[in-house]
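Open the model in your viewer and keep the selection panel at hand. The tour goes from the whole chain down to a single residue.

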Amino acid sequence: MISIEKALEIIQEQSVETKTEIRTLEDCLGYSLSKDITAPFDMPSFDNSAMDGYALGGIYKEYKIVGEVAAGDKSEKKLQEGEAVRIFTGAKIPDNTTAVMMQEKTTVTADKLFLEHLPKEGQSIRKKGGELRKGALVFEKGYTITPAGIGMLGSLGISKVSVFKKPVINLITTGNELVPPGKSKEEGQIYESNSFALASACEKYRFFCADNKQIPDDFEAIKSGIKASLKTADLLLLSGGISVGDYDFVKQALEENGVEELFYKVFQKPGKPLYFGKKADKFVFALPGNPASSLSCFYIYVLPFLYKLSGSEKKGLPRYSFQISHDFENRSDRPSFMKAKVEQNEVKILDAQGSSMIRSMATGNALAFLDAETPVKKGDLIECFLIS
Ligand code: AMP
Ligand code: MG
């Protein structure tokens with residue numbers, strides 16, 4: 001059995017093979033850049049107006065209006081002292097513009113413009129290069145593209161980017177007792193839910209399961225299922241059958257497929273029987289079957305590895321410390337990831353912490369990390385992994 005820190009370290013120290021591809025702006029959300037991006041030109045590329053109003057020549061309270069420039073116009077006008085032109089947000093300002101005055105602070109009579117107060121030099125002018133200079137670093141290699149990132153790339157005229165390919169993830173759930181939701185179940189059976197939770201957890205972070213199989217607790221079936229799945233997977237996720245029960249065949253089936261164990265069993269609650277292994281350039285996580293354990297292991301261990309496989313600079317869930325809103329004692333002899341809710345800058349440990357209980361995880365928004373057998377007092381800072 002190894003510590004949580006050691007398990008995370010083993011995951012991080014794996015060398016992984018990444019491949020790159022070119023993707024369009026429409027289709028690159030959540031991918032990570034395989035090259036730095038630098039600005040191809042100054043941003044903005046010309047001085048322009050930050051307001052709908054008037055571009056002013058010199059500092060006065062009265063001007064003569066001599067024309068108009070709209071967004072997109074070439075604006076070859078040159079302002080003389082005491083002249084103003086009507087201008088709109090984003091329009092190129094005329095040469096010799098001292099400032100722009102927003103229209104709300106002006107009155108117009110015929111071709112005369114009157115200001116409420118004197119303008120300040122440079123006001124409401126967005127200067128060429130004010131955000132970025134040509135050649136400046138915009139995003140570093142490993143930056144994981146967000147909607148704002150896509151907006152930025154678009155504004156730089158970039159329509160395609162070189163990104164790291166996402167890993168192919170295959171999923172296998174094991175268990176004789178499992179029945180797909182929507183079917184009728186017999187006494188002793190339960191509904192299979194982990195494949196849905198795990199596949200959607202992947203999706204939430206923009207990773208996608210290519211294949212999803214359900215296999216009974218049958219050694220040969222599990223062994224051949226793993227063999228087939230490893231052919232196409234970069235990462236194989238298994239659920240169930242990895243503990244010490246008589247029907248837990250996953251570990252042996254992995255061994256017989258030539259998968260090398262990197263760790264098995266982590267001193268934690270939930271998710272003690274977590275397994276991580278590799279075969280050549282392919283990796284395997286076998287997650288415990290209990291629904292809250294498997295999802296918690298996904299968040300803490302699988303997600304950081306998915307980021308690594310996809311060339312992302314991200315290391316896992318966002319982690320923040322919050323004051324706990326009540327006294328609490330973790331009675332477990334193992335360090336614990338507890339289902340919790342962060343609200344108004346405080347964290348509350350939820351009821352229903354059992355490994356099989358997933359409702360508290362669904363209504364909560366964090367996993368709070370608590371040391372083994374350590375009481376905490378209201379107001380103590382608790383490290384939280386945010387899951388929503
Ligand atoms: P196992 O790790 O196979 O011993 O399973 C531990 C517990 O999790 C048992 O109560 C199983 O019935 C339950 N379980 C295993 N796999 C799933 C699954 N895919 N969906 C829901 N519950 C599961
Ligand atoms: Mg089982």
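The stops below run from overall form to domains to one buried position.

This is a predicted model, where local features need pLDDT of at least 70 and side-chain atom pairs count only at pLDDT 80 or more, while totals for chains, interfaces and linings use all residues. Residues are numbered from 1 along each chain as its sequence is written, and side-chain values use heavy atoms, with hydrogens and water left out.

**Whole protein.** Select everything and show it as a cartoon. Seven helices and 27 strands are present (DSSP runs, H or I of at least four residues for helices and E of at least two for strands, numbered from the N terminus). The C-alpha trace spans about 90 × 50 × 40 Å along the principal axes.

**Domains.** Colour four selections: domain 1 (4-17 + 166-309), domain 2 (20-39 + 141-164), domain 3 (48-126) and domain 4 (319-386). The bounds come from an automatic or database domain assignment. Between the C-alpha centres of domain 1 and domain 3 the distance is 64 Å.

**Alanine 340.** Next, select strand S23 (residues 336-343), which contains alanine 340. Is alanine 340 buried or exposed? Alanine 340 counts as buried because its relative accessible area is 0%; buried means under 20%, exposed over 50% and partly exposed in between, with a 1.4 Å probe and protein chains only.

Now show the neighbours of alanine 340. Leaving out residues up to four places away in sequence, alanine 340 touches residues including Val347, Ile349, Leu350 and Gly364 (contact means heavy atoms within 4.5 Å). Glycine 364 lies 24 residues from alanine 340 in sequence, with 5.3 Å between their C-alpha atoms.

Terms used. Chains are lettered from A and ligands numbered from 1 in the order in which they are written.
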